[in-house]
Amino acid sequence: MPDTDARLQVYLDHRRALIDYATPMVGSRAGAEDVVQDAWLRYAMTATPQAGMRSSAGYLYRIVRNLAVDMVRRLGAETRRDKHYAQRFEDVAAPSPEEEAGHRDDLLHIGTALAELPDLQRQAFEMNRLAGLPFHEIGGHLGVSTATAHRLVQGALVHVMKRLQKPGAGRGRAL
C-alpha cells in the first residue's frame, strides 16, 4: 500500500475519535470537524512524521491539537477585537433632536451660500469638499491652473463661512 493510501487509512480509522478529541478544545463539533479536515490536509502534505513520534496516528493527533489551539486563540483574539470595536461605537452618542435641527439649518444656509457663488467657484468647492478631489485634478476638470483651483475653493469656503456666521444663519461649523 503506497504511503498516501496508508495515511488515508490512518485518517479514516481515527477521524471520528479525532473529532471527539477536538470538540471540547474548540467548543463545537462543527469547529472540530473543520480542525480535523485541516489536520488531514497537513498530514497528507508532510513527507514523514516528525522524529520522536511513535505512530502516524500520534502525529495526526498532535496536528489536530495544534490546530485546535490555534483556532481557539484566533477566535479569542477576534472576539476581543469585535468587543473593543463595539464598545468604541457604543460610546458615540446619537445627536439630540436639537442638534439634528441645527445641522439641517446649517445645511440650508450652506446650500444658499453655494447658490450665491459663481458656477466655476461652486464647482471647484464641491469637487474639493464633497468629492475630495485634489486641486490639480480640479484644475484639470475646470481648465484652470492648480493655484486658481485652490483660490476658487478658498474663496468659496470664506464665503460660506461668512454666511454661516451671520446672526441667525447657523453656528459657524468647520467645513
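**Helix packing and cores, in conversation**

Mentor: Let's start with this: H5 and H7 sit roughly perpendicular to each other. Keep in mind that the model is predicted.

Trainee: Okay, what is the angle at which helix H5 and helix H7 pack?

Mentor: Take H5 as residues 119-130 and H7 as residues 146-165. Their axes are 8 Å apart. Anything from 65 to 115 degrees counts as roughly perpendicular, and this pair fits that label. The angle is about 90 degrees.

Trainee: How many nonpolar residues are in the contact of H5 with H7?

Mentor: On the H5 side, the contact includes Leu120, Ala124 and Phe125, along with Gln121, Asn128 and Arg129. On the H7 side you'll find Ala149, Leu152, Val153, Gly155, Ala156 and Leu157. Sorted by class, there are 3 polar and 1 charged residues, and the nonpolar count is 8.

Trainee: Zooming out, how many helices does the protein have?

Mentor: Reading along the sequence gives the pattern α-α-α-α-α-α-α. There are 0 strands, and the number of helices is 7.

Trainee: Which helix gives the most to the largest nonpolar core?

Mentor: That core has 20 residues, and Val35, Tyr43, Leu60 and Val64 have the most contacts inside it. The elements giving two or more residues to it are H1 (3-26), H2 (29-45) and H3 (56-90). With 8 residues, the top contributor is H3.

Trainee: And how many residues are in the second, separate core?

Mentor: Ile110, Leu117, Phe125 and Ala156 are among its members. Two of those names are familiar: Phe125 in H5 and Ala156 in H7 belong to the helix contact we went through. The size of this second core is 10 residues.

Trainee: Back to Tyr11: is it buried or exposed?

Mentor: Tyr11 is in helix H1. Leaving aside neighbours within four places in sequence, Tyr11 is in contact with Val36, Gln37, Trp40 and Leu60. From the other side, Leu60 touches Tyr11 as well as Val10, Leu18, Ala39 and Tyr43. Its relative accessible area is 9%, and the cut-off is under 20%, so Tyr11 is buried.

Trainee: What distance separates the C-alpha atoms of Tyr11 and Ala44?

Mentor: Along the chain, the two are 33 residues apart. In space, their C-alpha atoms are separated by 9.2 Å.

Trainee: Now Tyr59: what is its relative accessibility?

Mentor: Look for Tyr59 in helix H3. Tyr59 and Tyr43 are 16 residues apart in sequence, with 8.0 Å from C-alpha to C-alpha. Tyr59 counts as buried, since its relative accessibility is 6%.

Trainee: Last one: what share of the protein's residues count as buried?

Mentor: The protein exposes about 11,600 Å², of which carbon and sulfur atoms supply 54%. Among contacts between residues at least 6 apart in sequence, 58% join residues at least 24 apart. Of the 175 residues, the buried share is 26%.

Terms used. Residues are numbered from 1 along each chain as its sequence is written. This is a predicted model: local features need pLDDT of at least 70, side-chain atom pairs count only at pLDDT 80 or more; totals for chains, interfaces and linings use all residues. Side-chain values use heavy atoms; hydrogens and water are left out. Axes are lines fitted to C-alpha atoms, for helices over the stretch in contact, and angles run from 0 to 180 degrees between N-to-C directions. Helices (H or I, at least four residues) and strands (E, at least two) are DSSP runs, numbered from the N terminus. Angles under 35 degrees count as roughly parallel, over 145 as roughly antiparallel, 65 to 115 as roughly perpendicular and the rest as oblique. Contact means heavy atoms within 4.5 Å. Ala, Val, Leu, Ile, Met, Phe, Trp, Tyr, Cys and Pro count as nonpolar, Asp, Glu, Lys and Arg as charged, and the others, Gly among them, as polar. Buried means under 20% relative accessible area, exposed over 50%, partly exposed in between (1.4 Å probe, protein chains only). Accessible areas come from the Shrake-Rupley method with a 1.4 Å probe; for residues, only the protein chains shown count as cover. A nonpolar core is a set of buried Ala, Val, Leu, Ile, Met, Phe, Trp, Tyr and Cys residues joined through side-chain atoms within 4.5 Å.
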